[in-house]
Amino acid sequence: MNRPTPAIVAQSAVRRLPRLALLLFCLAYVLPGFFGREPWKNEDVATFGVMLGMAQGQMSWWTPEVLGLPLETPALLPYWLGAWAIQVLPFLSVETAVRVPYVLLLVLTLTANWYAAYQLARLPQAQPVSFAFGGEARPLDYARTLADAALLALIASLGLAQLSHETTPALVALACAALLAHAVARLAAGQPREHLSAAVQWVLAVWGMAFSGAPLLTAALGLGAAALLLWLPREDSAGTGDELAATPRLLLAALALCTAVAAAVGLVVTQVDPFGRYWNPPDQWSDWTSLAQMLLWYTWPAWPLALWTLWRWRRQLRSPHVALPLWSVLAAVVASGLQGGNERALLIALPGLASLAAFALPTLRRSVSALIDWFALLFFSGCGLAIWVIWFAMTTGTPAKPAANVARLAPGFEPTLSWLLLLPALAATAAWIWLVAWRAGKHRSALWKSLVLPAAGSTLCWLLLTSLWLPLLDHGRSYGPMARRMAQLLKDDTACVLVHGLSQAQIVALQHQGGLSLRRLDTAGEACAVLVVSPNALRGLSQHLDLAHWGFEATVPRLNDRRETLLIYRRR
């Protein structure tokens, strides 16, 4: 533990990132994408249907179901939060109300990630080298700068944008994982006065995560963190190697027991099948390549910086500021791999990767920082330009080829010009141009400057997509157009419709967005005059009804996706 640190940082390199700018930066990332849209397909709309059913008293809060079927994503806390929001905020539309707690959860994720990195950077093992004649970075300024960098690295991660703006259990689990990482960092700091509050925070985090559909990952993160806190050596602020006030072993044992109990109760209460849901490892070469590709783009640009951290800090791998976030990353990556490359499980790795990426900055050469800036500038400027060109094409019809592509990929979409969506996009583009000009100017170096352009570029593209392209995304990523088309075709028969082979997301969309009253074919028999069936379920249809009494009426596609086409049959 007495090995020299690779960080050589002067006080001039840890100057403060303006708090107002950082706050506006976070708001520009958090708010777009939550409001002004319909629930999107698959898990977003399915979760919304369960929340609405709970709030209206149509299903049990402990054993929620969709038309009598167990949930495809077993969890409890995420649905409770949305149902409570609907009941507490009756003056808002139900689509808006359920997203309010999830906005706060994303804010909690960013905040907890900042404070976790701040606590880790304050540790003596993470501090930069002391200069012979002074002038090295002061500990608190250094920790604050690395915490800012960790926050920027998290926002810059490409995989965070969409999943963190959906009302799904994945965001609740992410917020709880970030809260747990902050509690672990506080215990690693060795401050006895924080032990009790950090332990309470730990307990809340593990129980929240266990009730969010991730009990096994909860056990891995919690038990692994407790073991690391016992195993990792300590060092005092003077660097003599004397132990800090270590976390009491009895407290760590109690926290480990609480984590195990929470994971076990989460498995039982949410009725998760650990071998059915969590065991689908890759078994072919194509599966491994798909998993590797997802890891590369999903965690960009944090993963190359994290690898650089592991190399430059390789002699301090047993230091808490490296070992603790590394464990959370490994646990999440393994969990994602065992679930067949589940991107929602991989979401838990992003806070740890962001913390590791921050510790790469004190060791980066200026040429590498310039390379990061140039790549971010070219990549995100190109993406932003493409978004503007396609928006202009689908609004005006010029250029003709992009407009034709949009019309082909989104049949039935009619673009409209909305100043409410256009003005934020113009403001974000102007801010990006100003930021690029500022970054190219001659300013005093600061550690966080290397991550400003990647984070700002990610925010720019996300804001442009959720403003300029929001009507197109609503049309393409929502079941709303298909559900309303179904309601138009059925006309007076919407009060009783049989369904067979539909996903829970499709069922919720037909109920809420189409206004249909649905019944399952396998339980209701031939009680209705209309049947909606998925093409994949046609083979087993004869087991539930006599096909001679039913005639095909219409096909209702969702855009050009044949896999989500629905068929309408009517009793003869």
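Contacts between residues 24 or more positions apart make up 78% of the protein's contacts with a separation of 6 or more. Keep in mind that this is a predicted model. Two residues, N113 and S517, get a closer look below: N113 belongs to helix α5, while S517 lies in a loop.

**Overall build**

- The fold has 25 helices and 7 strands.
- With a radius of gyration of 26 Å, close to the 25 Å that the globule rule gives for 572 residues, the protein is as compact as a globular protein of that length.
- Along the principal axes, the C-alpha trace spans about 95 × 60 × 50 Å.

**Surface, burial and charge**

- Of the 572 residues, 55% count as buried.
- About 25200 Å² of the protein is exposed, and carbon and sulfur atoms supply 64% of that area.
- On the charge side, there are 41 positive and 30 negative charges, and the mean positions of these two sets are 10 Å apart.

**N113, in a helix**

- N113 sits in α5, the helix that covers residues 100–121.
- Its relative accessible area is 2%, and because buried means under 20%, N113 counts as buried.
- Setting aside neighbours within four places in sequence, N113 is in contact with A150, L151 and L154, and also with P351, A354 and S355.
- One of these partners, A150, offers its backbone oxygen, which the N113 side chain reaches at 3.3 Å.
- A178 is 65 residues away from N113 along the chain, yet their C-alpha atoms are separated by 5.8 Å.

**S517, in a loop**

- You'll find S517 in the loop that links α24 (504–512) to β4 (518–520).
- S517 has a relative accessible area of 34%, so it falls between the 20% limit for buried and the 50% limit for exposed, and counts as partly exposed.
- Apart from neighbours within four places in sequence, the residues in contact with S517 are T494, A495, C496 and V497.
- From the S517 side chain to the backbone oxygen of A495, the distance is 3.3 Å.
- V497 is 20 residues from S517 in sequence, with 6.1 Å between the two C-alpha atoms.

**The two residues side by side**

- N113 is buried, whereas S517 is partly exposed.
- The side chain of N113 reaches a backbone oxygen, that of A150, and the side chain of S517 reaches the backbone oxygen of A495.

Methods: Residues are numbered from 1 along each chain as its sequence is written. This is a predicted model: local features need pLDDT of at least 70, side-chain atom pairs count only at pLDDT 80 or more; totals for chains, interfaces and linings use all residues. Side-chain values use heavy atoms; hydrogens and water are left out. Helices (H or I, at least four residues) and strands (E, at least two) are DSSP runs, numbered from the N terminus. The radius of gyration is taken over C-alpha atoms; the globule rule is 2.2 Å times the number of residues to the power 0.38. Buried means under 20% relative accessible area, exposed over 50%, partly exposed in between (1.4 Å probe, protein chains only). Contact means heavy atoms within 4.5 Å. Accessible areas come from the Shrake-Rupley method with a 1.4 Å probe; for residues, only the protein chains shown count as cover. Lys and Arg count as positive and Asp and Glu as negative; His and the chain ends are not counted. The place of a charge is taken as NZ of Lys, CZ of Arg, CG of Asp or CD of Glu. A polar contact is a pair of N or O atoms within 3.5 Å; within protein, one must be able to donate a hydrogen and the other to accept it, and residues adjacent in sequence count only if both atoms are side-chain atoms.
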